[in-house]
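This report covers the internal space of one protein model and the surroundings of a few of its residues. The sequence and the structure come first.

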Amino acid sequence: MNPNKALWEKGDFTKIAESMRESGAALVSRLGVTPGMKVLDLGCGDGTTAIPEAKLGADVLGVDIASNLVAAGKRRAEAEQLTNIEFREGDATNLEGIGDQQFDLAVSIFGAMFAPKPQDVASELVRVTRPGGRIVMGNWIPGDPTLVAQILKISSAYTPPPPEGFVSPMLWGLEDHVKQRFVNAGVSGDDISFERETFHFGIDCSPAEFLDRFRQFYGPTMNAYEAAEKKGKSAELQQELETLFNEKNESGSAGTTLIPATFLKVTVNRR
């Protein structure tokens, strides 16, 4: 099986995505989505941003590599009685079956950044976006002190080194790397802009309980715990992550969780 597909089908990211609904909708509200707009949501998961886009009246295609998340997105859309959204399994590095210049807006929030072959991802996003349209990505930033970057940093210390040729997904959080990829895909550097924004994970459970969801359901964290267990270091990993989640919690209550995470928002104007 494709290793990236296996990673995201390993757990159940919907258990994490439940904490992302409010911030996902807020992010979409700032994207200028209008009724009838054709939107691609790439690495869509179960629809954290795709469903809010459809609620604003866009015709949305959500694409994700994980079949379980595609199925979950379809269930959410049915429950919301949304007929203007389709969820489809697909690979961000090769959007097979999607024609050129199909979309007014191509969005990928913490999704396509995890696909291998980042240059192919950039090229495909440019290919399927029409002239006059936009590409918007939300990418975690390497070394950032907020939640997700620190989860991935801590976890990587316990896992085996990646295979030769591996390109870290966190490079999508560095402006120079992002610009080079889109320039290589035919975009002028002047048409690429960057902002830092904050995403909040909010959920009605304690930070320790929220961490337990990552341990049970988030592929990268699951792999880190499995590797740490083999080395007899699972307690150390648990302690590091518990400290992180508790320190970052801004809810003001030990029984609820509200944790900020800074990300790089990338906007590409397609000419």
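## Pockets and cavity

By class, four nonpolar, four polar and three charged residues line the second largest pocket; Ala, Val, Leu, Ile, Met, Phe, Trp, Tyr, Cys and Pro count as nonpolar, Asp, Glu, Lys and Arg as charged, and the others, Gly among them, as polar. The model is predicted: local features need pLDDT of at least 70 and side-chain atom pairs count only at pLDDT 80 or more, while totals for chains, interfaces and linings use all residues. Residues are numbered from 1 along each chain as its sequence is written, and side-chain values use heavy atoms, with hydrogens and water left out.

The lining of the second largest pocket consists of E18, S19, M20, R21, E22, S23, A26, H200, F201, G202 and L258. Two elements, α3 (21-29) and β6, give two or more residues to this lining, and α3 gives the most, with four residues. Helices (H or I, at least four residues) and strands (E, at least two) are DSSP runs, numbered from the N terminus.

Pockets and cavities are found on a 1 Å grid over the protein atoms alone. A cavity is a set of points where a 1.4 Å probe fits but cannot get out; a pocket is an open set with protein on both sides within 12 Å along at least five of seven lines; lining residues have an atom within 4 Å of a point. Grid points are joined across faces, edges and corners, and a volume is the space filled by probe spheres set on the points.

| Space | Volume | Nonpolar, polar and charged lining residues |
|---|---|---|
| Largest pocket | About 1,100 Å³ | 22, nine and five |
| Second largest pocket | About 160 Å³ | four, four and three |
| Largest cavity | About 490 Å³ | 23, seven and four |

The largest pocket is lined by 36 residues, and L7, P162, F166, P169 and N223 lie nearest its centre. Elements giving two or more residues to this lining are α1, α7 and α10. The largest share, six residues, comes from α1.

One cavity of 30 Å³ or more is present in the structure. Its lining has 34 residues, of which F13, G43, F110, G111 and F114 lie nearest the centre. Two or more residues each come from α1 (3-10), β1 (38-42), β2 (59-64), α7 (147-156) and β6 (192-203). With three residues, α7 supplies the largest share of the cavity lining.

## Helix α10

Helix α10 (residues 219-230) has twelve residues and should span 16 Å at 1.5 Å a residue; its end C-alpha atoms are 17 Å apart, which agrees. The expected span is 1.5 Å times one less than the number of residues. In α10, the buried residues are G219, P220, T221, M222, A224, Y225, A227 and A228, where buried means under 20% relative accessible area, exposed over 50% and partly exposed in between (1.4 Å probe, protein chains only). These buried residues pack against α1, α7, α9 (207-217) and α11 (234-248). After α10 comes G232, whose phi is positive, near 70°.

## Individual residues

Strand β7 (residues 257-269) contains T257, and V268 has its place there too. T257 counts as buried because its relative accessibility is 3%. A polar atom of the T257 side chain lies 2.7 Å from the backbone oxygen of C205. Leaving aside neighbours within four places in sequence, T257 is in contact (heavy atoms within 4.5 Å) with F201, G202, I203, C205, S206, P207, F210, N249 and S251.

V268 is also buried, with a relative accessible area of 0%. Under the same exclusion of sequence neighbours, V268 is in contact with G133, R134, I135, F182, V187, D191 and I192. V268 and G133 are 135 residues apart in sequence, and their C-alpha atoms are 8.6 Å apart in space.

N84 is in the loop between α5 (67-79) and β3 (85-89). A polar atom of the N84 side chain lies 2.7 Å from the backbone oxygen of A58. Beyond neighbours within four places in sequence, the contacts of N84 are with A54, G57, A58, D59 and V60.

P160 sits in the loop between α7 and α8 (175-184) and is exposed, with a relative accessible area of 57%. The C-alpha atoms of P160 and V39 are separated by 38 Å, and the two residues are 121 residues apart along the chain.

Technical notes:
Polar contact = N/O pair within 3.5 Å; in protein donor to acceptor, adjacent residues only side chain to side chain.
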